[in-house]
Amino acid sequence: MTVSQILGLSPQLVLLLAGLLVLALDLIWGEERKGWLPYVALLGLAGTLAATVALWGREEAFSEGVFVVDPFALFFQLVAVLATGLVILTSLGYFEGRTAYKGEFYSLLLFASLAITLMAAAVDLVMVYIAIELLSITSYVLTGFLRQDRKSNEAAIKYFLYGAAASAAMLYGMSFLYGVTGSTDLAQIAAALSSGELGSLSWVVVSAVVLLLAGFGFKVSAVPFHQWAPDVYEGAPTPFTAFLSVGSKAAGFAVMVRVFLTALPDFSVDWVALVAALSIVTMTLGNLVAIFQKNIKRMLAYSSIAQAGYILIGLVCWDPSQPVGEFGGISGVLFYLLAYLFTNLGAFAVVIAVERATGSNEISDYAGLMRRNPWLAVALLVFFLSLVGIPPTGGFLGKLLIFSAAIRLQYFALAIIGVINGVISLYYYFGVLQQAFFLPPKDETPIAASLSLRVALAVALVMTLGIAIFAQPFIRLALTSAAL
Amino acid sequence: MDFPILSVILFVPLVGAILVLLIPRGKENWIRGLSVAVSLIPLVLALVIWFGVTDLGGSEMQYVEEAPWISTFNVWYRLGVDGISAPLVALTALLSTLSLFYSAYTIKVRVREYYFLFQLLQMGMFGVFLSLDFILFYVFWEIGLVPMFLLIGIWGGERRQYAAIKFFLYTLAGSVVMLLAILGVYFSTGTFDILEAARLQPFADNWPLAVLAFWGFFLGFAIKVPSFPFHTWLPDAHTEAPTAGSVILAGVLLKLGAYGLIRIALPLFPDVFHFYTFNVPVIPILAVISMVYGALVCMAQWDLKRLIAYSSVSHMGVVTLGISAAAASLGRGQELLNSAPFALNGATMQMFTHGIITGGLFFIVGIIYERAHTRDLQAFGGLGSKVPYYYGITLVTAFASLGLPGLCGFWSEFFVFRGTLRIIPLFAVIGAAAIVFTAGYILWKIVQYVFLGAFDEARWGKLTDMTWWEKATMWPLIAVMVGFGIYPAPILELFNSATTALLGKL
């Protein structure tokens, strides 16, 4: 390995070392010092961030072309670091009294974060598969992290069973692609597919697209591969639910975009149609079912399913004739994911604060939140407005970019279904806001949020608004990162 | 660079809202006083720009401020006023100040939140009237929704939560469709500049898409106006909102929709607008139904506040009718074109006068409800001699509402009908029936049931007349009603120069 290769891998290496360090310190340190472990993890993330920034703007392939450093990959490294960092902030103190284990959570979280960075940078089907599995396996463990909690256990088993089936289907699809083209390298697959030697085998590629979609759809929780989401979101420790809803989803989109755009541009007619159909059912079903939820984590699960549906519109609006353009769907996807990261993590931070004070995740227990802690209530309002897509929030601008891509290509039906879904979603977010703002509290005691939670909330809130009000640099970032 | 007067008008309420948050706990009177004082700044500046625009003729955009916002997408922070928007900015400023002042005496719970939200709402309203960029326009259009939703939901009446979400869902449904239309216009013209887009005429060579985009805008505006059949959110929202909320809803928020029709739908899609007002006259039909149906529903109401709410549906129908007539006149010869400014002047004048009059009427309902705790018309009777001052104020406002000559409501309806009668006479004739019904519900329902007839001494013996602050809230409105009723020339000339210029570009 040359120095330049090590440098290119430095963010991943730092994450790996930090994860191992946390694991080792957890063994060495006594109980009284284990409180420092999350800060070690945060330090590791800061190092990763520094390494990512140092690599900014570079474009190289490594390790025999299985792994690249490019703006797209670096963008998702940034997303992974931000998501993990905020999740760690929200998790401080969360596990007290819930489980005796402390360090494992943080080291596993760092490994999951590593998996996301690998997924975004992988340009070889084998690497893609390994990275996805790394994320999946760490996620199964983290979902079942509350060993004494039956719901957490059940969620982990469900997640594992669904995940195993999805990844088997995906692997099967990858084998089709390898069989037809004789390569696992994404660029070589594309070259083989466009050389015109495919003959009568194009149906194999189409089946491969369907099977790959099962695997990717599972990660982004798109209908009909979403059934795991509500139970897993409800059962997993809430900080990890937040991570799943943001980090895991972003990684799924990264892989989906990379594989479809790099390996299968010649079959875009097929996957665009499939993804469009998936998008419509995903946002509609997610929003309609969310209306009936009584538990806020389940509601946010369906809301995150619906959000995946909106983001899929951006992928549908990929325009091969103008891959890097102002209103390209892919830059919309990236901007949306960035805005969604802060918005949804913020919403979960409020959920965590309420859960820690009341021990409940029932929506009816949000009654009178405005009286019990006005900051939490106002923050929740802003996050929900962003999820609906009302200005001046990042969610609005994300939707604007996605829908403008759709309008530009004259996919009017998709855009109209999308905005109508936005209106429907207002109804269930309102259910929580109604409790928080309009109804009197059942219990007058104020809800206090820990310092770290307040920091996470403040970052999420400022960014949710700031990304829209000072939009230009963030849009530039999404645009430059969308160039594959 | 000149003094950015429009930006100051726009953001002073935001500063006020933030200041309200900083006032220490327990000093609620400071919050009230500060908010009213801060709101005087945009009021004064609004009058300054009104006079400024009048001096310069009002036909072009004045006080324009421009700065790139999201340069990648050519989105600008672009503000400006002309003869149409300047009076509406002043209307917003006046009603806001009066509402904040009136609320100082009537809002007793969650005062800080109330004043914070109210000033945020005020910023949103200013923003819509001042924006010359579609995205900016849309952002402010939506910003107003959230505070109004909370104002209704927290400080409203019995069914406030239902009314709040209904209001939010309806308006959001309209505005998201409008957003798609905005994007369509952008991809057709390459600009988010409202005036530039009108000059470039989006979808000039693509009739089906032009129709689609037009209806996208129209739906958003028609829900806000509200035009029949999109009006069902209005009676609930207006009835359940707190008094000042109803004043702003009826006085300003409805005008946002009408303003959109004049500023965006008409200049951008004159041909489509013409087609649907003349060849297939859907829009004037909706306008006339709103007028007549709204007035008839008023006749059947026993809840005073609900009655006033429905009267807005009727009166805003007049605005839509006037705009429709202007659109219907296009391309049909010079003689009809000469009548178009009458209709459009009437429509813009009606926006202003309806804001003043209905704002006043909602204050009047609030004043009696504070004392009686009922709005049931059958419960009153004979109050004229018990509360003569209140009776007098109500009479002036109610007569202005029914269009009595000498008060400002007369001029706007007169000009709308003057224009419409030449251009689309059938609708003018049918619409005139609404005027009769309006006189009916004002005289029969309001004046007779509340002030005349037998007086119930046992129930209303302790009723007190208006307090000084209630008088102080009403007098500026009365002054405007009488002032522009007797001498409407200044405001009409301002509207006229702007609407003539607007029509000249079509």
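**Entry 1. Helix 5 of chain B**

I began with helix 5 of chain B, residues 134-143, in this predicted model. I found 10 of its 10 residues buried, so helix 5 of chain B is largely enclosed by the rest of the structure. The buried residues run from aromatic names such as B:Phe134, B:Phe137, B:Tyr138, B:Phe140 and B:Trp141 to B:Ile135, B:Leu136, B:Val139 and B:Ile143, and B:Glu142 is also on the list. I then asked which elements these buried residues pack against. They are strand 2 (75-81), helix 4 (111-130), helix 6 (145-155), helix 7, helix 8 (194-200) and helix 11 (243-268) of chain B.

**Entry 2. B:Val288**

I next looked up B:Val288, which sits in helix 13 (residues 282-299) of chain B. Is B:Val288 buried or exposed? It has 28 C-beta neighbours inside 10 Å and therefore counts as buried. Leaving aside residues up to four places away in sequence, I noted that B:Val288 touches B:Gly317, B:Leu321, B:Phe427, B:Ile430 and B:Gly431. For one of these partners, B:Phe427, I recorded the separation: the two residues are 139 residues apart along the chain, and their C-alpha atoms are separated by 6.6 Å.

**Entry 3. Where chain A touches chain B**

I turned to the contact between the chains, in which 25 residues of chain A are in contact with 24 residues of chain B. On the side of chain A, the elements that give two or more residues are helix 17 (394-408), helix 18 and helix 20 (472-481). Helix 18 of chain A supplies the largest share, 11 residues. By class, I recorded 18 nonpolar, four polar and three charged residues on this side of chain A.

**Entry 4. Helix 18 of chain A against helix 7 of chain B**

I followed helix 18 of chain A (residues 412-438) to helix 7 of chain B (residues 160-189). Their axes are 10 Å apart, and the helices pack at an angle of about 155°. An angle over 145 degrees counts as roughly antiparallel, and helix 18 of chain A and helix 7 of chain B are therefore roughly antiparallel to each other. The crossing of these two helices is right-handed.

I listed the residues that meet. From helix 18 of chain A they include A:Ala415, A:Ile416, A:Val419, A:Gly422, A:Val423, A:Leu426 and A:Phe430. From helix 7 of chain B they include B:Gln161, B:Ile165, B:Phe168, B:Leu169, B:Leu172, B:Val176 and B:Leu180. The residues of this contact divide into 17 nonpolar, three polar and no charged.

**Entry 5. A:Thr480**

I checked A:Thr480, whose place is in helix 20 of chain A. With 17 other C-beta atoms within 10 Å, A:Thr480 is partly exposed. A:Thr480 and A:Pro71 are 409 residues apart in sequence, yet 6.9 Å apart in space, C-alpha to C-alpha.

**Entry 6. The two domains of chain A**

I looked up the domain assignment of chain A, which gives domain 1 (1-263) and domain 2 (266-484). The C-alpha centres of the two domains lie 21 Å apart. In the contact between them, 46 residues of domain 1 meet 50 residues of domain 2. On the domain 1 side, the elements giving two or more residues are helix 4 (71-91), helix 8 (186-194), helix 9 (202-220), helix 10 (228-235) and helix 11 (238-263) of chain A. Which element gives the largest share of that side? It is helix 11 of chain A, with 15 residues. I recorded the classes on the domain 1 side as 33 nonpolar, 10 polar and three charged residues.

**Entry 7. Helix 6 and helix 11 of chain A**

I stayed with helix 11 of chain A and examined its packing with helix 6 (residues 125-143) of chain A: the angle is about 170° and the axes are 12 Å apart. That makes helix 6 of chain A roughly antiparallel to helix 11 of chain A. Helix 6 contributes A:Val128, A:Ile132, A:Leu135, A:Ser139, A:Leu142 and A:Thr143, and helix 11 contributes A:Phe240, A:Leu244, A:Ser248, A:Ala251, A:Val255 and A:Val259. By class, the contact residues are nine nonpolar, three polar and no charged.

**Entry 8. A:Gly328**

My last item was A:Gly328, found in the loop between helix 13 (296-316) and helix 14 (329-358) of chain A. A:Gly328 counts as buried, because it has 25 C-beta neighbours inside 10 Å. From A:Gly328 to A:Ala406 I noted 9.0 Å, C-alpha to C-alpha, with the two residues 78 residues apart in sequence.

How values were computed:
Residues numbered from 1 in each chain as written. Chains lettered and ligands numbered in written order. Predicted model: local features only at pLDDT ≥ 70, side-chain atom pairs only at ≥ 80, totals over all residues. Axes fitted to C-alpha atoms, helices over the stretch in contact; angles between N-to-C directions. Helix = DSSP H or I, 4+ residues; strand = E, 2+ residues; numbered from the N terminus. Parallel < 35°, antiparallel > 145°, perpendicular 65-115°, else oblique. Left-handed = near helix turned anticlockwise from the far one by under 90°. Contact = placed C-beta atoms within 7 Å. Nonpolar A, V, L, I, M, F, W, Y, C, P; charged D, E, K, R; others polar. Domains from an automatic or database assignment. Buried ≥ 20, exposed ≤ 12 C-beta atoms within 10 Å, placed from the backbone.
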